[in-house]
Each structure stands twice: as C-alpha cells, then as structure tokens.
Amino acid sequence: MNTPRDRILVIGAGMAGTRLVQELVALAPGACDITLIGAEPHAPYDRIMLSPVLAGEKTAEAIRLLDDDFLDRHGVTFLAGDAATGIDRVARRVTTAAGRQLDYDRLVLATGSQPIRLPLPGAALKGVVTFRDLGDVDTMLALGRPGAPAVVIGGGLLGLEAAAGLAGRGMKVTVVHLAGHVMERQLDAEAGGMLADALAARGITTVTAANSRAILDDGTGRVAGLELADGRVLPAELLVMAVGIRPETGLARAAGLEVGRGILVDDRLGTSDPAIAALGECVEFDGQCFGLVAPLYDQAKVLARALAGRPGDGFAVRPTATRLKVSGVDVFSAGSLGGADAEEITLRDAARGSYRKLVIRNDRLDGVVMYGDVADGPWFFETMRKAEPLGALRDRLIFGPAFAAGPSATGADAATAAVAALADDTEICGCNGVCKGTITAAIAGQGLTSLDEVRAHTKASASCGSCSGQVKALLGLCLGGSAPAEAEDADPAICSCTDLGHDAVRARLGDLPAMTAIQAMAVLGWKTPEGCSKCRPALNYYLLCAHPAAGVDDPASRFVNERVHANIQKDGTFSVVPRMWGGLTSATELRAIADIVDRYDIPTVKVTGGQRIDLLGVRKQDLPAVWRDLNAAGMVSGHAYAKGLRTVKTCVGSEWCRFGTQDSTGLGVKLERITWGAWMPHKFKMAVSGCPRNCAEATIKDFGVICVDSGYELVVGGNGGIHLRGTDPLTKVSTEAEVIEICLAFIQFYREDARYLERTAPWIERIGLDRVKAVVVTDTAARQALGARFLASQTHARVDPWASLAAAPGAEFATIDVPARRAAE
Ligand SMILES: Cc1cc2nc3c(=O)[nH]c(=O)nc-3n(C[C@H](O)[C@H](O)[C@H](O)COP(=O)(O)OP(=O)(O)OC[C@H]3O[C@@H](n4cnc5c(N)ncnc54)[C@H](O)[C@@H]3O)c2cc1C
Ligand code: SF4
C-alpha cells in the first residue's frame, strides 16, 4: 500500500482520468492526495453524451461526471482549464500553462486523443469543426442555423451522431463517406444500407464512396461548401470533420517516455518510467489503441488497484460492442463482420425494419450485427465472449435467447428470458459500464422497485437510455410477478427527455391552452429544451388533437415524409399518391396523370393495394409543380405518407356485383369524404366489402365494413403486413347513417386515447375491446359527443396540404445538388 500522503497527479480530466479517480477513492478512501488537472474549462463530463447535447436532448449540466460534493468529500483537488505543459521526471514535477508547479509521487497520463483534421485546402475556414468536446458542440450550435446546409465528413459512429444532432437542430445535413456504406467498420453493407435509409427518413443525405477535395470559402473566410474529388459541390455553412482520432502523446514524448502510436504501457498500465502510468485513449497496449469507453473503464480498475498497492489481474483486451446513439435508430455490432472462412446466418424482417447477422467461425459465435430490434444484443455478445462450441444451439441461435429459452416465450416473457440468460458480468449499460450482477445485487440489496431507483443507485440506463428495456426486464426478473415496474409500464415515459408518459402528457395538455410543441416542453418541465425525434412529433400530434381550431402545427416536429407531404424513396426521390375517393377514378383524372407523368419525366406509375395510383421517382424540386397540376385536375393529396387516414378500399358492391348486398363503393366514398385529412396517432385504413366474400379485405383494416343483407357488420383493429391481425367484431347496424356515426366515434376515440405511433390493433389490445364497445357502441351520449368533436376537428383538417405548398413551395423544395445515395454507390 502507498504511504497515506502519496501524491497522485492525474493529467487529463476526461472519461479515463475521472473514472480512475472514482475507482481509487472507492478502493482506498483517503489513502492518497489526488490532484486531477484538465485542459478543458469544464468540470469532467460524459463525453459520449455529447451527441444528445448537440441534438438538444440533454444539457451540458446533465452530463457532468463529478460534482463539487464528491471532490470535497474525497479531498480531490481539481484544476480546470489548465494544461500540463512539461514533465520533469527527475524532480517528479509537472509544469502547467498557467505556471503551476505540481509535485507528484505517482503521475498518471490520461490525455485522451486529438480528433484528426484532414489537411484539405480550406480546413482552417470559420465553420470547419471537429466533434470531440463541449467547445466543439458550442461552436456548432453558435454557427449552425435551422434550414442551413451542413456537411459531415465521415459516416462512422461519431459522424452519424453529429449528423443526427445537427439535423435535430433543423439543419439540412449531408454525410460524405469514403467507404461504400456508412459505419463500415461495424456494419455489413445491408445493415449499412438500412441505416442510411433510416437517416434519409430523418432528412439526412448520405453520399458514399466519395472523397473530399477542398473546402470552399464564401469570400469572407467562412465555409461555403465541400468540393468532392469528382467535382461535385455540396453546399455547407457548417462542416464537421469526424474522420478519426489520434492518441495525444505530445507530453509523454517530450518527457522521453516510450511512445508508439500511443504511450506504450504494460498490463498494469505502467509506462517506461516506473513513477508514471497512463490509461485511456492516449495509450497503446499490445499493439492496440482504444476508442470506446469499456476498455478504458477496465484499465481504470486495474490501475486503481496498482496505485492502491492491491495486486489483481492485469489489463486484458476484451471484445467490445458498439451502439449508435441516434434516437429511434438502433444499431448493435460486436466482433467480426465475416470473411472467407466464416459462416453467416442472417434474419431480415423488412416490414419491421429489423436485421440481424451472426458470424460463426469454428462452431463459435464470432460476430453479430443487428439493426432495428437490438434487445438481444447483449445476449449474443455474451455468447460470443464465452466462445463455447454452439453445437445444437446453432440452428436456433439467430432467434435469440427467448427461443433458446423455449419457443413459447413471447413479449415480456421473452425479454425476461433474454436477461435471465445473461451472465452476471454481462454489461447491460454500455455508457456507464454497469453489469447485470451489479444491477441485480442493487435491486435485491437495496430493495429497489422502479427504473428510476435503479438508475439512481447504479447509473444503469441513466445516460443514453438504450438499455432501459433490459433494466426493466431485470427488475421484473428479480421482483417476480409482483414487479412494480409493471405499474410504471402502464404509462412509460415517452422518452428520456421527460419522465411523463403519453397518457399523463395528454391529460395535462387538455387543461392547457393551445401552444407549440416547444412551448409545451417548457410548461411540462421537459429535461431538454427542444425534445427529440420521439417526443416532438408525439407532442405536436397531441396538441393538434387537443386544439384543432388553433392549428398550431410545427412542421419541424414532423418526420420528413409528413413535412414534404410525399414519401421519400430509397434513391432520394419521392412518391406522389393523389386521393381516389373509395378507389374510384375517371378518364379526366387518368389523362391528367398521364400528362403529368410525361411532363415531369416520372419513371414509374404503380397501382397500389389501396386502390390508387402511385407516381414514383418524382424529384423533390418537381413536387410543387406536380401537385399544382394534380390540383388543377381536381385531385388532392392521398396522405399516403401520413399518420392519418390513408385509404378507404371498396369493392364494386350491389352496383355491379351479383353478390353485392349494399352499395359498398358509395359508402366507402362517403366515409372517405368525411374522414380525409384527419391526423391520427398512426396510419389508418378502412375498407367496405359488399358481401361476406370480402373482396375489399375489410377484415384486415383498422375499421372495416362487411355489408350483409340485413345491414352492416362493423369490425375494427385489423392490419396487414408481416404481423397480420384480423379484426375484432365491433357491432352490427342497419343503416349507412349508423355506420358513419360509429365510424366517426371510433376514429375520434382512437385519436384521443391511443398513444402516438400506436396502431389500432395494439391500442385495442391494451385497453380491451369491451372498453371500445362500451364507449363507441353502448354509450350513445359518448358516441355522439365523440362524433361531434371529430366533425368539429375535421372543419380544420380537411385541407389539401399540396395546394398551399404548390402555391408557396419554400426553401425545402429548392434544388439540392446532392446525388442520390444509391447512384453514388
Ligand atoms: C461525440 C462522441 C461520442 C462518443 N460516443 C461513444 C459511445 O457511445 N461509446 C463509447 O464507448 N465511446 C464513445 N466515445 C468515445 C469516448 O468518449 C472516448 O473513448 C473516451 O472519452 C476516451 O477517454 P479518455 O479519458 O482517454 O480521453 P478524453 O475523454 O478525451 O479525455 C482526455 C482529456 O485530457 C485532456 N488533456 C489532454 N492533454 C492534456 C494536458 N496536457 N493537460 C491537461 N489535460 C489534458 C483533454 O482536454 C481531455 O479533456 C465518444 C466520443 C465522442 C467524442
Ligand atoms: S365482396 Fe361481395 S359484393 Fe363485393 S365484389 Fe366481392 S363478391 Fe361482390
């Protein structure tokens, strides 16, 4: 053990230096004098949370790692904003930029990395930044302005997080990447393509296989754009270089320590000077440098033991997993991506946007790539780390731990089975390095019963929140059937920006006057000033639903398809679907469509399953003119992109069909004319079939009508797609007027009660069909009141968005000189 007054000086108050101090005071409280010195002018903060700060999802204060109370309690001296400039190894003294002389017995270097700046012409222009520290975030926020173009060079983890952050702030972001797909070090081409599509849906363009040539000057010393090697020019008012890091070794090199790519250390983190250790991104161990926090936390444990004189295992490199921290875009990757000697097993669920690939070598799991549903990631990671022969498990492995635990496990059972299968040392929270055993011990030992309590005691899920589901499952596992976490699930927090659930937010908004989503966040005490891509669209919808007359719609709170009133396609063009009431069209409409197709050189015309015509491949800049011409022929938006009424599919019914019992087409047209334009929690489809042969497929729609001799059978809560769900019977009525009355009440109940992005099927399963029947069928007064509210709302909603956009298109539709992603590949 060191003498009690040993002076330990740590240079670098980043993630590694700070973690070392935390480990040291926990291991040997009061055993030594600790001084932590950092060049940045801030208290130590969680660098991996810079992306949420950039995106406006967290504040700088919220990501602070050490508070004053901690420093006081443990007698740690912290010196901010002063860089160490020299080390006198003989005198054991460090000199700082501010002229301090700091003596030490043991010195620790934790100087991290420097972001690489490409030596491009124009790299020194104002507006060219890297993404490494809070200063960079401040610069981006000061120089970036909503609506302005930004370019990020580098489609790796950091570049994509920067791009998402800037897009979240309203900038039009293009990511330029050298390789053929984004995150190529972690993802294979297929998952990379899915990721690029998800980014495109957030308005982020990716240009791959692209090399940068020069950064252009606007004539005042500010960046104006990026010129690519092939001559293309991408406009930019802000240019972020996220192209890699280089270990910061200047101080060590000047002091004569042995340095390779990083400061050379042994497995106890000792350098070539016995009085000096080093850890973090500045070191090189066994030929490797580091760029993620997990190995740095392992190093901090080992070094703390070494400094405290308590022998233990040395540092060893363990595989690490990578996650992308972009709200709503889940990516998990660990280990190998494949290769000639590897077997690959893939599972792709295109409808749910989910993909997983396992790489197997010598009957052992050697790598995993997941996109979309990544909940099983830690289990695969653990299986990979165990490196045991897979044997018979191989055939079931791709389906994850729920299946491995027994094919009957579903839903919550599956989640519980997944966490139950993990070893105690499996890392659950990558941000804070918290393992399963730590969480379960805290739940059992401290009597924790809620997610918030687990967060407070263990830090698990307290940062990016992507492991919240697993932490909840662990709560359920430890507390059994009585887990109070279930009560919390009754209305879980919308996202990490707030502790309020959807139902609570709706209840509060109902009592408040009309306002914007941003204002509502302030009133409801949001933790972030501008929310995130999960909560903003939800708030925007709830406000529109609660205050239809005020019409405070915030386009910036909508996803790109709803913002531009068209569906973005995989090549960056758009699809345009005019409404065809009840599936009817005419020669005039068809002629107009044919002319428009010729006039705007539209490559594909497709008849949809919803009985309309889809014009595919429309250039963004042509959208306003296409809409104008469709409007001129009497057609309005089909809202094929909307969380709202899509189509009312009909069969020809009694008008033409010999089996038809009622005028199904006419009823469908009436329903569509009343309900079009309504915004809803999710897409909503209807159908009317003229007899039980059900040619219009009414039994897989959100609201379906089956005409029978004696009237109309009404069914609800169906949907097509990969998880096909047939409808539940709602009621049977005798007249068209009753059909319409119940339909409107059902829609309004759904609009007012369901959570944003919840389709009718899960909504009905959650609240129960009996409740829907009670409100919409049995309770006449409630039904009529719902219908009246719906019709009142519709007086403001039945507005063709294309008409106003065609008249005044705005900057969103200006020509963008960015080639399509696919074309660039
Ligand atoms: C935006 C972003 C997102 C990230 N996301 C993730 C993620 O999701 N998961 C993950 O595992 N990793 C992530 N990382 C990487 C992770 O943050 C780093 O691996 C980690 O911060 C490295 O810790 P470190 O202490 O070695 O270096 P740093 O955290 O960089 O700390 C080094 C500190 O030393 C200071 N310093 C340097 N020289 C001197 C000197 N001479 N005197 C005094 N102080 C000095 C520097 O100013 C700096 O504050 C991310 C990084 C960034 C930038
Ligand atoms: S559902 Fe019945 S009425 Fe409609 S087209 Fe089919 S057979 Fe004819």
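**Exercise 1. List the residues around ligand 2 and sort them by class.**

Step 1. Take each residue near the ligand, meaning that one of its heavy atoms lies within 4 Å. For ligand 2 these are Cys651, Gly653, Cys657, Phe659, Gly660, Gly690, Cys691, Arg693, Asn694 and Cys695.

Step 2. Apply the classes. Ala, Val, Leu, Ile, Met, Phe, Trp, Tyr, Cys and Pro count as nonpolar; Asp, Glu, Lys and Arg are charged; the others, Gly among them, are polar. The shell then has five nonpolar, four polar and one charged residues.

Step 3. Note the ground rules. This is a predicted model: local features need pLDDT of at least 70, side-chain atom pairs count only at pLDDT 80 or more, and totals for chains, interfaces and linings use all residues. Residues are numbered from 1 along each chain as its sequence is written, chains are lettered from A and ligands numbered from 1 in the order in which they are written, and side-chain values use heavy atoms, with hydrogens and water left out.

**Exercise 2. Describe the protein chain as a whole.**

Step 1. Count the elements. The protein chain has 30 helices and 36 strands. Both are DSSP runs, numbered from the N terminus: helices are H or I with at least four residues, strands are E with at least two.

Step 2. Judge the compactness. The radius of gyration is 30 Å, close to the 28 Å that the globule rule gives for 825 residues, so the chain is as compact as a globular protein of that length. The radius is taken over C-alpha atoms, and the rule is 2.2 Å times the number of residues to the power 0.38.

Step 3. Add the box. Along the principal axes, the C-alpha atoms fill roughly 100 × 65 × 60 Å.

Step 4. Add burial. Of the 825 residues, 53% are buried. Buried means under 20% relative accessible area, exposed over 50%, and partly exposed in between (1.4 Å probe, protein chains only).

Step 5. Add contact range. Contact means heavy atoms within 4.5 Å. Among contacts between residues at least 6 apart in sequence, 62% join residues at least 24 apart.

**Exercise 3. Find the residues that touch the most other members of the largest nonpolar core.**

Step 1. Define the core: a set of buried Ala, Val, Leu, Ile, Met, Phe, Trp, Tyr and Cys residues joined through side-chain atoms within 4.5 Å.

Step 2. Rank the members. The largest core has 55 residues, and Leu20, Ile87, Leu107, Leu109 and Leu279 touch the most other members. Helix H8 (residues 293–307) gives the largest share of this core, six residues.

Step 3. Set the second core apart. This separate core has 49 residues, including Met15, Met49, Ala148 and Leu166.

Step 4. Look closer at Ile87. Beyond its neighbours within four places in sequence, Ile87 contacts Arg93, Val94, Tyr104, Leu107, Leu109, Leu251, Ala255 and Ile276.

**Exercise 4. Work out the faces and partners of strand S5.**

Step 1. Assign the faces of S5 (residues 93–96). Val94 and Thr96 point to one face and are buried. Arg93 and Thr95 point to the other face and are not buried.

Step 2. Pair S5 with strand S4 (residues 84–88). Four bridges join them, and they run antiparallel. Two strands pair if DSSP finds at least two bridges between them. Ala84 has Thr96 as its bridge partner. Four residues lie between the strands of this hairpin, where Arg92 takes a positive phi near 55 degrees.

Step 3. Pair S5 with strand S6 (residues 101–103). Three bridges link them in the antiparallel sense. Thr95 stands opposite Gln101. This hairpin also has four residues between its strands, and Gly99 in the turn has a positive phi of about 90 degrees.

**Exercise 5. Which residues of strand S34 are buried, and on which sides do they lie?**

Step 1. Count. Six of the six residues of S34 (residues 703–708) are buried.

Step 2. Split the faces. Phe703, Val705 and Cys707 lie on one side, Gly704, Ile706 and Val708 on the other.

Step 3. Add the partners. Strand S33 (residues 684–689) pairs with S34 in the parallel sense over four bridges, with Val688 opposite Val705. Strand S35 (residues 711–716) pairs with S34 in the antiparallel sense over six bridges, with Cys707 opposite Tyr712. Two residues separate S34 and S35 in their hairpin.
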